[in-house]
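Grab a pencil and work through these exercises at your own pace. Try each task yourself before you read the solution below it.

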Amino acid sequence: MQDQIRPVSTNPFQPAWWLKHAHLQTIFAKYLSPNQRLNTEAETVPLPDGDEVQLNWLHSENSSDNAPVVILLHGLAGDINSHYIQAMLAQCHALGWTAVLLHFRGCNGKPNKLPRAYHSGDTADAALVITQVKRRYPNRPLVAVGYSLGGNVLLKYCGEQAEHNPLSAAVAVCPPLSLSACAKRINTGSSKLYQRYLLGRLKRSTLLKLTQFTDFPLPLTPQQVQGFSSIEQFDEYYTAPIHGFLNAQDYYQKASGKAFLRHICIPTLIIHAKDDPFLSDDVIPKASELSPHIHYELTSGGGHVGFVYGSPLKPKFWLNQRIPQFITEQLPK
């Protein structure tokens, strides 16, 4: 008998009638999301290899001793300005929860100190930050929420930690659990629009590194970087070799989060939309690939980190309700 997908939530997401299409959900979520910018406190965390990452802390005046501390992991080329990060920070603030955003290397508006950057399977930096936050707040529940690339990093980390996970719960939104399939998906049809945008940002950061390091360890020229035409090509000639992988396929195979799902030992929510233009059906796990601690929700619509419903005059964002709801359900009563 073929594996069946675990059922979606009893209250599954239904996209707004005026934003039925996946591309509309994906694109307009950014522009419809209200401006909820909050003041955060930046902290630089040194890393063992001489590099550093930046954390942005949101401390709530109404936070109680048993309120959760929420660690946020952004997506590819994301940062504190990403609409989904701003939305979650606002939700945490409203609930009296402490929140902290981990900027992956070089994503805080300044180049990082090494030629390497970050990638979809890079869990070492997240592990270090999670450990430090747990030491700082030993008696409060620690929860992590990852979006897209950050969701894959989070699920891989949780699988690696297994029963030793310091997190109390985790949420992954639209994680690219099969990287090879996703690289092919984003290089087809209208999804190429997103690839062009992301690739442009990746090219700019890499070109900056070529000028930053006169002894750059890879045989790359600015002309070669400018000539990259796909995410897979970028991963083949930069991401994979700079991070110690043989090639793009070696990187995709070792960094994809799907193989780590069965080892997860904490309550974990995974949200995918069937119409996500970034992801192919290969990201959808079989029931046999899921740990019993995972609640998997597959919605028919929502795009990539979209999930907009409501009226044109009062759009609402399902993730803003669903994620805090799941976290609240996992907190000690």
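Two residues are in contact here when they have heavy atoms within 4.5 Å of each other. Keep in mind that this is a predicted model.

**Exercise 1. Find where leucine 167 sits, and decide whether leucine 167 is buried or exposed.**

Step 1: Look along the chain. Leucine 167 lies in the loop that links α4 (149-161) to β6 (169-173).

Step 2: Check the accessibility. The cut-off for buried is under 20% relative accessible area. Leucine 167 has 3% relative accessibility, so leucine 167 counts as buried.

Step 3: List the company. If you skip the neighbours within four places in sequence, the contacts of leucine 167 include Leu142, Val143 and Ala144, as well as Leu154, Tyr157 and Cys158. Ile130 and Ile266 are in contact with leucine 167 too.

Step 4: Compare sequence and space. Valine 69 is 98 residues away from leucine 167 along the chain, yet their C-alpha atoms are separated by 9.8 Å.

**Exercise 2. Work out the strand order of the sheet, and say which strands stand at the edges.**

Step 1: Read across the sheet. The 8 strands come in the order β1-β2-β4-β3-β5-β6-β7-β8; the sheet is open and its pairing is mixed.

Step 2: Pick out the ends. β1 (41-46) and β8 (294-299) have a single partner strand each, so one side of each has no neighbour in the sheet.

Step 3: Look at the twist. On average, neighbouring strands are turned by 20° against each other, direction ignored.

Step 4: Add the helices. α4 packs on the sheet and touches β3 (69-73), β5 (142-147), β6 and β7 (268-273), with its direction at about 135° to that of β5. Helix α10 (residues 318-330) also packs on the sheet, where α10 touches β5, β6, β7 and β8 and makes about 160° with the direction of β6.

**Exercise 3. Describe how β2 pairs with β1 and with β4, and explain why β2 is largely enclosed.**

Step 1: Start with β1. β1 and β2 run antiparallel and are joined by 6 bridges; one bridge pair is valine 45 with valine 53 in β2.

Step 2: Follow the turn. The two strands make a hairpin with 5 residues between them, and glycine 50 in that turn has a positive phi of about 95°.

Step 3: Move to β4. Strand β2 (residues 52-58) pairs with β4 (residues 98-103) over 5 bridges, again in the antiparallel sense. Asparagine 56 has leucine 101 in β4 as its bridge partner, and glutamine 54 stands opposite histidine 103 in β4.

Step 4: Count the buried residues. In β2, 6 of the 7 residues are buried, so the rest of the structure largely encloses β2.

Terms used
Residues numbered from 1 in each chain as written. Predicted model: local features only at pLDDT ≥ 70, side-chain atom pairs only at ≥ 80, totals over all residues. Heavy atoms only, no water. Helix = DSSP H or I, 4+ residues; strand = E, 2+ residues; numbered from the N terminus. Buried < 20%, exposed > 50% of the residue type's maximum accessible area, 1.4 Å probe, protein only. Pairing = 2+ DSSP bridges. Axes fitted to C-alpha atoms, helices over the stretch in contact; angles between N-to-C directions.
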